[in-house]
Amino acid sequence: MRYDFFTAQISFVKAITDICEDLRLVDVSKRKELLPTKLTRLHETLPKYAYLPLCRSTDHFYHVAAVCAQEGYVFKTHERAPVLMHFLTTPNSAHMDVSCALFAHLHAQDEHIDTVKCNAPVLNESTPFIDELLMVRQFYDDLRQEVLVMQLISYLDDVFKREHLKLKLHPYRILSTGASTGLIELVANATSFDGLKKSP
């Protein structure tokens, strides 16, 4: 059971990054048209207890309930095909963190328990959703370099807070999934470097 769970989770993450690779090989003008179909297929193969691994083990656990197939966006680049994806997520009923929720779920599977508090919820009109935004990027660079830089930024942010300095950094999550692929958390309402350069 545990092998099946982790295999399904790995396959889910790989399926996300595979979308970028597939679109990279397609003509730029056709990528936008193909994206909803690929996101629909991702939704149809969504594992029962999937979650986005852009989190710490102590963060609250949010189950991926759906992939928003019509909300994706392919950035217009010729060499790469970065994709912005939207996922509907919902917390487990016991409000557990990631480590506790996964432990409870896997323990329930091992013991063949049909119902535990952390099981994936049945979706209905009253289900509390949080719209998670996820940017997926296809690289020819090693994303682990960016992971290292973000760890340094996170460390500096902790230092600023500890010393009560009036300085604020906003670290975001990065997950390297291969030599040229990875997941990057979207920072909402942020200004791009290109936008900063063009601003007066």
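This is a short walk through one predicted protein model, from its overall layout to a few single residues.

Let me begin with the whole chain. The protein has 200 residues, and 32% of them count as buried. Its secondary structure comes to five helices and six strands, and if you follow the sequence from start to end, the elements come in the pattern α-α-β-β-β-α-β-α-β-β-α. The accessible surface amounts to about 12,800 Å², with 56% of that area belonging to carbon and sulfur atoms. As for how the chain meets itself, if we take the contacts between residues at least 6 apart in sequence, 71% of these join residues at least 24 apart.

Now to the helix at the start, α1. This helix has 23 residues and reaches 34 Å from its first C-alpha to its last, which is close to the 33 Å expected at 1.5 Å a residue. Along its course α1 bends by about 25° at Thr17, and Thr17 is itself among the buried residues of this helix, together with Phe5, Gln9, Phe12, Val13, Ile16, Ile19, Cys20 and Leu23.

The next helix is α2, which covers residues 28-44. How far apart should the ends of its 17 residues be? At 1.5 Å a residue they should span 24 Å, and the end C-alpha atoms are 25 Å apart, so the expected and the modelled values agree. This helix bends too, by about 40° at Leu34, and a proline, Pro36, follows within four residues.

Which residues of α2 are buried? They are Arg31, Leu35, Lys38, Leu39 and Leu42. As a general point, an α-helix has 3.6 residues a turn, so residues three or four places apart point the same way. What covers the buried residues of α2 includes helix α1, at residues 2-24, and the strands β1, at 62-67, β2, at 73-74, and β3, at 83-91.

I would like to pause on Lys38, which is found in helix α2. Lys38 has a relative accessible area of 17%, and because the cut-off for buried is under 20%, this lysine counts as buried. Leaving out residues up to four places away in sequence, Lys38 touches Ile19, Asp22 and Leu23. One position earlier in the chain, Thr37 is also found in helix α2, but Thr37 is partly exposed, with a relative accessible area of 45%. The C-alpha atoms of Thr37 and Gln70 lie 8.9 Å apart in space, although the two residues are 33 apart in sequence.

That brings us to the interior. In soluble globular proteins, nonpolar side chains tend to be buried together. In this model, the largest nonpolar core has 22 residues, and those with the most contacts inside it are Phe12, Leu39, Leu42, Met85 and Phe87. Helices α1 and α2 and strands β1 and β3 each supply at least two residues of this core, and its largest share, six residues, comes from α1. Leu42 gives a good view of the packing: setting aside its neighbours within four places in sequence, it is in contact with Phe12, Ala15, Ile16, Ile19, Val67, Met85 and Phe87. There is also a second, separate core of eight residues, which includes Tyr49, Val98, Leu102 and Leu106.

A word on cysteines. Cys20 counts as buried, at 0% relative accessibility, and Cys68 is buried as well, with a relative accessible area of 15%. How many disulfides does a search of the whole structure find? The search finds zero.

Finally, let us turn to the loop between α4, at residues 144-162, and β5, at 174-176, where Leu169 is found. Is Leu169 buried or partly exposed? At 27% relative accessibility, Leu169 counts as partly exposed. Not counting its neighbours within four places in sequence, Leu169 is in contact with Ile153, Leu156, Asp157 and Phe160. The C-alpha atoms of Leu169 and Ser154 are separated by 7.8 Å, and these two residues are 15 apart along the chain.

His164 lies in the loop between α4 and β5 too. This histidine is exposed, with a relative accessible area of 70%, and it has a positive phi of about 55° although it is not a glycine.

Technical notes
Residues are numbered from 1 along each chain as its sequence is written. This is a predicted model: local features need pLDDT of at least 70, side-chain atom pairs count only at pLDDT 80 or more; totals for chains, interfaces and linings use all residues. Side-chain values use heavy atoms; hydrogens and water are left out. The expected span of a helix is 1.5 Å times one less than its number of residues. The bend at a residue is the angle between axes fitted to the seven residues ending there and the seven starting there. Buried means under 20% relative accessible area, exposed over 50%, partly exposed in between (1.4 Å probe, protein chains only). Contact means heavy atoms within 4.5 Å. Accessible areas come from the Shrake-Rupley method with a 1.4 Å probe; for residues, only the protein chains shown count as cover. A nonpolar core is a set of buried Ala, Val, Leu, Ile, Met, Phe, Trp, Tyr and Cys residues joined through side-chain atoms within 4.5 Å. A disulfide is a pair of cysteine sulfur atoms within 2.5 Å.
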